[in-house]
Structures are given as C-alpha cells and as structure tokens.
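Trainee: Got a minute to walk me through this one? I'd like to start with how the chains meet.

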Amino acid sequence: MKKGNDWRYRISNKEAIMGTVLAILNFIWWYAFAYGLGGQPVKEYTYILGFPAWFFYSCIVGFIVFTILVFIMVKFFFKEVPFDSDDNEGEGSSR
Amino acid sequence: MNWDVILPLAFFLILVFLVGIYTSRHIKSGPSFLQDYFLAGRELGGFVLAMTMVATYGSASSFIGGPGAAYQLGLGWVLLAMAQLVTGYFTLAVLGKKFAIVARKINAVTLIDFLKARYESKWVVILSALSIVIFLFSAMAAQWVGGGRLIESFTGVSYTTALFIFSCSVLVYVIAGGFRAVVITDAIQGVVMVIGTIIILAGTIVAGGGIENIMGELRAENPNLISPFGSDESLTPLFVSSFWILVGVGVVGLPQISVRAMSYRNSKAMHRAMIIGTFVVGFIMLGMHLAGVFGRVILPGIEVPDKVMPLLALEVLPGWLAGIVLAAPLAAVMSTVDSVLLLVSSAIIKDVYINYIKPDAEERFVKRLSFGITAVVGLSVFAMAINPPDLLIWLNLFAFGGLEAAFIWPIVMGLYWKRGNANGAIASIVVGVGSYMWLHLNYPNLWGMHTVVMPIALSFFAYIVGSFTKGDSPQTNTF
C-alpha cells in the first residue's frame with residue numbers, strides 16, 4: 001500500500017462534517033422557533049395560514065428550508081467520485 | 001367491513017406480491033449470488049435508495065401509533081415527530097462515500113462484514129450477530145403482529161387468517177427475490193405511503209372546515225393542544241429534544257438502515273437519495289401526525305390511540321379512498337419486516353455460517369441455504385406472532401434503542417477514528433446494550449430524557465476507553 005489515504009476519503013470526510021453541521025443547524029432552527037415562539041402563553045400566539053406561528057416556522061418552514069439546504073449542499077458542495085476503481089493512479093490527476 | 005375498502009387493499013397486496021415475484025427472476029447464480037441476494041449487486045439508483053431507506057425506517061408507528069399519540073397530545077407530538085426529518089440525509093451523509101467505498105474494497109455484503117474487516121475480532125462479530133438476531137427478531141415479531149392486526153381490523157377476518165395473508169404476501173417475495181425484491185417493493189410501498197398521506201391530510205382538513213377552524217376548536221377544547229408542550233404539559237423541551245437521538249441521528253446505528261448505505265450504485269445515486277429521502281420522510285411525518293391532531297376535531301373522544309387513523313380514514317373519505325390510505329400503514333409494516341427479515345437471515349448465513357462454520361461452502365449449497373434460512377426465520381416469526389406479546393411499540397422501541405446504542409460508535413468511529421480498535425468496539429457494544437436494557441427496566445427516561453440518550457453517551461466513552469487499552473489499530477490503508 002502506498003502511504004497516505006485513498007484520496008476519496010478526504011472528500012468523504014468533508015461531506016460527513018457538512019452533513020453533521022446541517023443536522024445541528026436543523027436542530028437549532030427547530031428548537032429556537034418551537035420554544036422561542038411557542039413558549040409564550042397560548043393567548044398571545046399569532047397565526048400564519050391557520051397554524052400557530054411557532055409550529056409554522058419550526059415544522060413547516062423548517063421542513064421546506066432544510067430540504068432546500070440538502071439540495072444545495074448536495075448539488076454544489078458534494079463531489080462525485082468513482083466507487084469501484086482501485087486505481088491509485090487516479091490519485092494525482094483528480095486533486 | 002365493506003368491499004370498497006378491501007378491494008384497494010387486496011389490489012395493493014397482489015401488486016406487491018407480483019412485483020416481488022417478477023423481480024426474483026433476476027437473481028443471479030454463480031459467484032455473485034450472495035452480493036446479489038443480500039445487496040442487489042450494489043446497483044441501487046437514487047430514487048429506489050431513498051424510498052427503501054424511508055420505507056424501511058417508517059413503520060407502523062409512523063402511521064398508527066404516532067398519529068394516535070398526536071391525537072392525544074396535540075401539535076407538541078408533531079414537533080417531536082419532525083425530529084425525524086434529519087434521518088433523510090444524515091445517515092447517508094455521515095456514513096457517506098467512505099462507507100460505500102470501503103464496503104466495495106473489502107467486498108462486504110453485511111454490516112458485520114464491515115465490522116469484521118475493520119476490527120479483525122471474532123468477538124465483535126459474535127456480539128454483533130447476536131444483537132442483530134435477538135433485537136431484530138423481536139422487533140420483527142412486533143411489526144408482524146402489527147401487520148396482522150391491521151389486516152384484521154380492516155377486513156374483519158380472524159387474526160390468524162390475517163396473519164397468514166400477511167405472511168404469505170411478504171415471505172414469498174423475500175425468500176425468492178432477496179434484497180432486490182425487497183427494495184423494489186419498498187419503492188412501491190414508499191409511494192403508497194406518500195399518496196396515503198396526501199389523501200388523509202387533505203380529507204381531514206376539508207372535513208374539519210379548514211385549518212383555521214380546526215385550530216380554533218382545538219384551542220377552545222384545550223389551549224395546550226396547540227402549544228409545543230402537549231395537552232397534559234408532559235412534553236418538556238428536553239424530552240422532545242432527546243428524540244433527535246432516538247429517531248434522528250441515532251438511526252445511523254440501525255443495521256437495517258446502514259446496510260443500505262453500501263448498496264447504491266454511485267455518488268449520483270447517493271446525492272439524489274439524500275434530497276428525495278429528506279423530502280419524503282419530512283412529508284410523511286408532518287402529514288400523518290398533523291392528520292392525527294386534526295382528527296381530534298372531527299372524531300372527538302377516541303379512547304384507543306391506535307384506532308384513530310383507521311376510524312378517521314373511514315369517517316372522512318369514501319370507502320375506496322380509505323382503502324388506499326389504509327394500505328399505507330400496511331405498506332410501512334411490510335417494507336420494514338421484509339428488510340429486517342433479510343438482514344436477520346444474512347446475519348445467520350453470511351456472518352455466522354460462512355465466517356465460522358464453513359468458510360469454503362459450495363456456491364450452490366449457499367444458495368439453497370440462503371433461501372432455506374430466510375424461510376425458516378420468516379416462518380418462526382409467523383409462528384411467534386400467532387400468540388403475540390401485547391407490547392408492540394414497547395418491543396419495537398426496545399430493539400430500536402438497543403441496536404442504536406450497540407452499533408452507532410463501532411460503525412461511525414470505526415470509519416473515522418484510526419485508533420479505534422476491537423477492545424473499543426466490544427466495550428461499546430456491551431456497555432451500550434447492557435446499559436440500555438438496565439436503564440429501560442429500572443430508570444426509564446432518566447433525568448427527563450428518552451432512555452436511549454445515556455446508553456449512547458456511555459457506549460461512546462466505552463469505545464474511547466476501550467480503544468486506549470492495548471490492542472492494535474488496523475495496519476492497512478483500507479479504512
């Protein structure tokens with residue numbers, strides 16, 4: 001084996017970190033809207049399209065926003081790498 | 001029961017059955033048989049990969065138990081259910097291309113193949129195989145009971161007959177078609193789940209006179225129904241957040257999910273699957289649980305939560321549409337049990353038999369054995385389900401958390417931490433499973449969090465500590 005890792009692993013590591021960061025952002029969004037807006041007394045709730053604002057932002061907008069963010073992450077930041085080749089020759093050329 | 005409802009259900013069962021049988025004709029023999037039977041030759045495209053991950057993950061609790069809880073507790077439970085959005089992209093992103101590449105390099109067919117190559121330890125293999133067989137068998141039995149009960153309640157046939165119908169429709173295609181039949185039928189079942197969600201949600205909103213009206217009535221009945229804290233204020237932020245571990249990021253540790261992360265064709269398939277999977281899982285969870293909450297306005301006073309969805313569908317929809325909606329939970333159950341059944345059988349054949357009993361088994365014999373063991377496992381689940389324990393969701397969650405605590409660190413750390421070794425993995429599995437069972441029985445929901453949180457934290461420390469005791473990290477560059 002040559003020294004150093006498979007070049008594809010560096011890409012994969014980076015993508016794993018991006019996925020984790022997105023999950024953390026997802027949690028913050030979900031939590032902040034739910035308990036930030038939803039924590040006040042129900043009498044003071046405002047409503048959007050019939051839903052309480054906390055629910056609308058946390059669950060409905062959150063769902064749409066993070067689906068779009070996954071799309072952006074995958075389309076613009078994730079790289080396509082070949083899976084099958086054992087060719088270490090490809091190492092220098094691609095990166 | 002009326003035929004309007006039964007016909008779409010019967011049509012669905014027959015369709016799945018036929019597709020499964022048809023797919024099984026593509027099973028290859030020869031040297032690639034195991035790869036083909038248990039992993040569909042690593043050929044999954046993006047759509048099928050997304051659907052099989054969502055459908056395998058989504059079970060009876062997404063369509064029956066969950067909406068029932070939402071009916072009782074209100075929007076707070078929908079909030080909790082939305083923690084599952086993250087499963088749509090997290091597993092694939094974290095295991096990532098590395099898992100798929102490593103699996104190809106070492107020719108892994110099962111999750112345990114990966115652990116075996118990574119840790120080079122007999123005990124890791126034995127402990128993992130044991131956890132998979134024990135936990136997933138009980139989870140499968142619970143789902144099997146759920147499948148039987150669903151058919152029983154929709155059609156009015158006896159439970160045993162219902163179970164028989166269910167078993168026939170699942171067993172035949174899994175045994176004959178292996179992973180390929182499982183994922184193709186999963187794709188169909190996933191589509192049925194999405195369509196069912198759209199129909200029931202639309203039907204409930206119309207029947208309730210619009211969202212604004214529904215919210216008004218919920219607020220009038222009990223303002224807490226539209227707060228994030230639940231009708232009885234039992235849903236604390238900490239408790240709800242802890243479900244991000246149980247049904248969110250922890251799902252990486254479920255073998256039936258992670259094995260799918262080695263089955264896709266190329267990077268493009270993985271990318272597409274993340275987008276589609278996130279959308280589909282978010283849509284189903286949001287839609288079904290909202291329908292459960294809305295149902296409270298239309299049909300107040302249902303005592304048994306599991307009856308909410310079936311009664312609601314029959315109330316707000318014409319019979320044939322209700323039949324399509326009720327096919328969704330059935331699809332969810334089938335798509336879970338078919339995957340789990342195949343996984344249990346692969347653990348027995350590939351991980352135990354070929355690894356330790358007869359490494360040089362002849363190809364033709366392995367083939368017959370694979371069909372045989374899958375059939376035996378399936379039939380014994382059927383036998384156990386005839387006289388079932390009455391704790392469907394409990395058993396299901398028990399298996400769920402136990403497996404997550406056992407496998408999440410050996411998989412994730414094994415992939416990304418070079419120093420991790422066999423001692424770490426063994427410690428992690430033992431501590432994870434042990435502490436989960438002990439806490440679940442003695443101190444459930446310790447400190448106001450779901451039971452799964454502490455075992456996952458403990459198994460992490462066990463992994464680190466174990467890895468720092470002696471023991472070698474792997475010498476190759478494969479990982």
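Mentor: Sure, one term to begin with: a salt bridge is a side-chain nitrogen of Lys or Arg within 4 Å of a carboxyl oxygen of Asp or Glu. Keep in mind that this is a predicted model, where local features need pLDDT of at least 70, side-chain atom pairs count only at pLDDT 80 or more, and totals for chains, interfaces and linings use all residues. Residues are numbered from 1 along each chain as its sequence is written, chains are lettered from A and ligands numbered from 1 in the order in which they are written, and side-chain values use heavy atoms, with hydrogens and water left out.

Trainee: OK, how many salt bridges are there between chain A and chain B?

Mentor: The count is 2. Asp6(A) pairs with Lys105(B) in a salt bridge, and their closest N and O atoms are 2.7 Å apart.

Trainee: And which element gives the most to the side of chain A that touches chain B?

Mentor: That's α1(A), with 17 residues. Helices here are DSSP runs of H or I with at least four residues, strands are E runs of at least two, and both are numbered from the N terminus.

Trainee: What area is buried between chain A and chain B?

Mentor: About 4400 Å², with carbon and sulfur atoms giving 72% of that. Buried area is the accessible area (1.4 Å probe) that two parts lose on being put together, summed over both. On the chain A side, Tyr9(A), Phe63(A) and Phe83(A) lose the most area to chain B, together 18% of what that side buries.

Trainee: Switching topic: what does Trp144(B) contact, leaving aside its neighbours within four places in sequence?

Mentor: Counting heavy atoms within 4.5 Å as contact, its partners include Leu163(B), Phe166(B), Val337(B) and Phe382(B).

Trainee: Now the backbone. Where is Arg42(B)?

Mentor: Arg42(B) sits in the loop between α2 (33-39) and α3 (46-57) of chain B. Its phi is near 50°, a positive value in a residue other than glycine.

Trainee: Is Arg42(B) buried or exposed?

Mentor: Buried, with a relative accessible area of 6%. The cut-offs are under 20% for buried, over 50% for exposed and partly exposed in between (1.4 Å probe, protein chains only).

Trainee: What about Glu120(B), buried or exposed?

Mentor: Glu120(B) is exposed, at 61% relative accessible area. Its phi is near 45°, also positive in a residue other than glycine, and its loop lies between α7 (111-119) and α8 (122-155) of chain B.
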